[in-house]
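Dear colleague,

I am passing on to you the structure we spoke about, and below it you will find a short account of what turned up in it. Please keep the structure open beside the text as you read.

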Amino acid sequence: MTPLRSLAAPPRTALVLSAGLGALAVAFGVALMTTAGYLISRAAEQPPILSLTVTIVAVRFFGLARPLARYLERLASHDAALRSLGRIRARFYERIEPLAPAELSQYRSGELLGRMVGDVDALQGLYVRGFGPTVVALVVGTTSVIVTAAFLPGSGLVLACGLLAAGAAVPLVAAAVTRRAGRRQVAARAELTAELVEVLRGAPELVAYGREGETLARLRAADYELARLSRRQALAAGLGDALVVLTTGVTVAAVLAVSVAADIDRVLVATLALLALASFEAVTPLTAAARELSATRAAGRRVVELTDRSPLVRDPDEAVPAPQRRAPIALEDVTARYASEDEPVLTRLTLPLPAGSRTALVGPSGAGKTTVTNLLLRFLDPEEGRVTIAGRDIREYRQDDVRGMFAVAGQDAHVFNSTIRANLQLARPDATEGELWGALREARLDVWVSTLPDGLDTPVGEEGERLSGGQRQRLTLARALLTRAPMLVLDEPTAHLDPETAEALVRDVFAAAEGRTVLLITHRPEGLDLVDEIVTLGG
Ligand SMILES: Nc1ncnc2c1ncn2[C@@H]1O[C@H](COP(=O)(O)OP(=O)(O)OP(=O)(O)O)[C@@H](O)[C@H]1O
Ligand SMILES: [Mg+2]
């Protein structure tokens, strides 16, 4: 398993800088309190004013330097946190990209969303909120103890015990108490996100079938569970903070008692007590950091579980050069299945697709027609047999080269929440206005688009929800025609159309695809007279 450390590490300089500045800021705070305490108590004895000059300058210096150091520390730590976040995100996407779509489809989209956003975000704090405060506590705590011990060893010892209790014992207890709750909180939040995304997607169906009541109840239950866990966390947080305050108070009182008993200079008594009080600023953040650690680690585990999966489909170490544009493609004796426990979807299928040929693939629903597309695009690798381009197994090519050979339209093609123009330009960013309209004409969509007030700039809505089923399908068709890919895969391009439009559309598309290899997947008779070969998949 990839250690979380390597996934979430910000650049070392940013980290050291933020920890160093943090230590400086707290050290200046302690020094300010100590010198100010000394100045006030000493001034009460009304010594000659000149004897106080150095202390006055020191108070001024620490007073000004502390906010400055704190400000710089905030800049540095935010910089480190954001850089860390940037790195995690980039690595996360890099690692999960090869998993799509075969393995990612095992996760609910809300679940993936939760991991991509919430869990990844939680990781940024691992270093900045964990490493920084620990360094600050060690450096400033030790220095305070040494300084105190130099004046009065007994007080130094008392302070050391107090700081250890507040900076080590309380955080350890806090971490132990919240460990389970933190893990469950991360899981509960993920569950709520997953439920919410699903409810939002399916809202029209839920309302239409009158099932919104129970769905809302389920959501409410998930929400209630999350709130309950958060309350418990908050209670633990409050108790932890209270313990730290209590320890601070007791320690300062003890330092005072020891100093008074030692019968030292009374100015020193006040100074040591204030130094002790201020030094607790160094250890206070540790309790919160320890409390968050378990939630952060749980989030990290969920991220690593995803990034550590080795992709089912991967590039060869030494890929052969990209295939020629006009290359024959074939499925040879292919057996394929989605998960090892399932029945194979295709068994020993052979399907030659010579360059420039037109093939129709027909068969009942669920026969594996779309699976053939997935095999061609290497979204899935065959269990036995092979898919070839120009006679070579497609596993010998780079995935990008293979996918560049195909343009897919129809059934599962995604329409983006953007304009008609942007959806088309996905296929060819440099397409001219004329080419865009040409593709729309071939897909029999030009008349409709020209009646729209905004024409090509009409937004299509999320997943093209502002289009009818047929319009959506023809938009993906126009997009596929726009690409320069040598092979077109048309998955049920006429499914939503009336017979006449369907007939004309298929004719136009075949004319537009002149010279390209076409695989037409269909349930319907249109276009079957135009193909060279009809292949029927078993039912
Ligand atoms: N991502 C997937 N994970 C697991 N099983 C899948 C997946 N996609 C499809 N299947 C299964 O594979 C079988 C074939 O599906 P496929 O989509 O290839 O059928 P099809 O012939 O395209 O059907 P239709 O005509 O309805 O589009 C189905 O039984 C389906 O349950
Ligand atoms: Mg299908």
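**What was found**

Ala330 stands opposite Thr388 in strand S4, and this pairing is a good place to begin, with the reminder that the whole model is predicted. Strand S1, which covers residues 329-336, runs antiparallel to strand S4, which covers residues 384-389, and 5 bridges join the two. Both belong to an open sheet of 4 strands, in the order S2-S1-S4-S5, where the pairing is antiparallel. Strand S2 (346-353) and strand S5 (392-393) stand at the edges of this sheet and have a single partner strand each, so one side of each is left without a neighbour in the sheet.

There is also an open sheet of 5 strands, in which the pairing is parallel and the order is S6-S7-S8-S3-S9. Its edge strands are S6 (406-410) and S9 (533-536), each of which pairs on one side only, and from one strand to the next the twist averages 15°. Within this sheet, strand S3 (residues 358-362) pairs with S9 in the parallel sense over 4 bridges, and there Thr359 stands opposite Glu533 in S9.

Turning to the helices, how do H3 and H4 lie relative to each other, parallel or oblique? The axes of helix H3 (residues 53-96) and helix H4 (residues 109-123) come within 9 Å and cross at roughly 140°. An angle counts as roughly antiparallel if it is over 145 degrees, and H3 and H4 are therefore oblique to each other. The crossing in which H3 passes H4 is right-handed. On the H3 side the contact is made by Leu85, Ile88, Arg89, Phe92, Tyr93 and Ile96, which meet Arg115, Met116, Val120, Asp121 and Leu123 in H4. Sorted by class, the residues in this contact of H3 with H4 are 8 nonpolar and 3 charged, with no polar ones.

Last come the salt bridges, of which the count comes to 34. In one of them, the side chains of Glu281 and Arg66 meet with an N to O distance of 3.6 Å. This pair links distant parts of the chain, since the two residues are 215 residues apart: Arg66 is in helix H3, whereas Glu281 is in the loop between helix H9 (266-279) and helix H10 (285-307).

With best wishes

Key. Residues are numbered from 1 along each chain as its sequence is written. Chains are lettered from A and ligands numbered from 1 in the order in which they are written. This is a predicted model: local features need pLDDT of at least 70, side-chain atom pairs count only at pLDDT 80 or more; totals for chains, interfaces and linings use all residues. Side-chain values use heavy atoms; hydrogens and water are left out. Axes are lines fitted to C-alpha atoms, for helices over the stretch in contact, and angles run from 0 to 180 degrees between N-to-C directions. Angles under 35 degrees count as roughly parallel, over 145 as roughly antiparallel, 65 to 115 as roughly perpendicular and the rest as oblique. A crossing is left-handed if the near helix is turned anticlockwise from the far one by less than a right angle, and right-handed if clockwise. Contact means heavy atoms within 4.5 Å. Ala, Val, Leu, Ile, Met, Phe, Trp, Tyr, Cys and Pro count as nonpolar, Asp, Glu, Lys and Arg as charged, and the others, Gly among them, as polar. Two strands pair if DSSP finds at least two bridges between them. A salt bridge is a side-chain nitrogen of Lys or Arg within 4 Å of a carboxyl oxygen of Asp or Glu.
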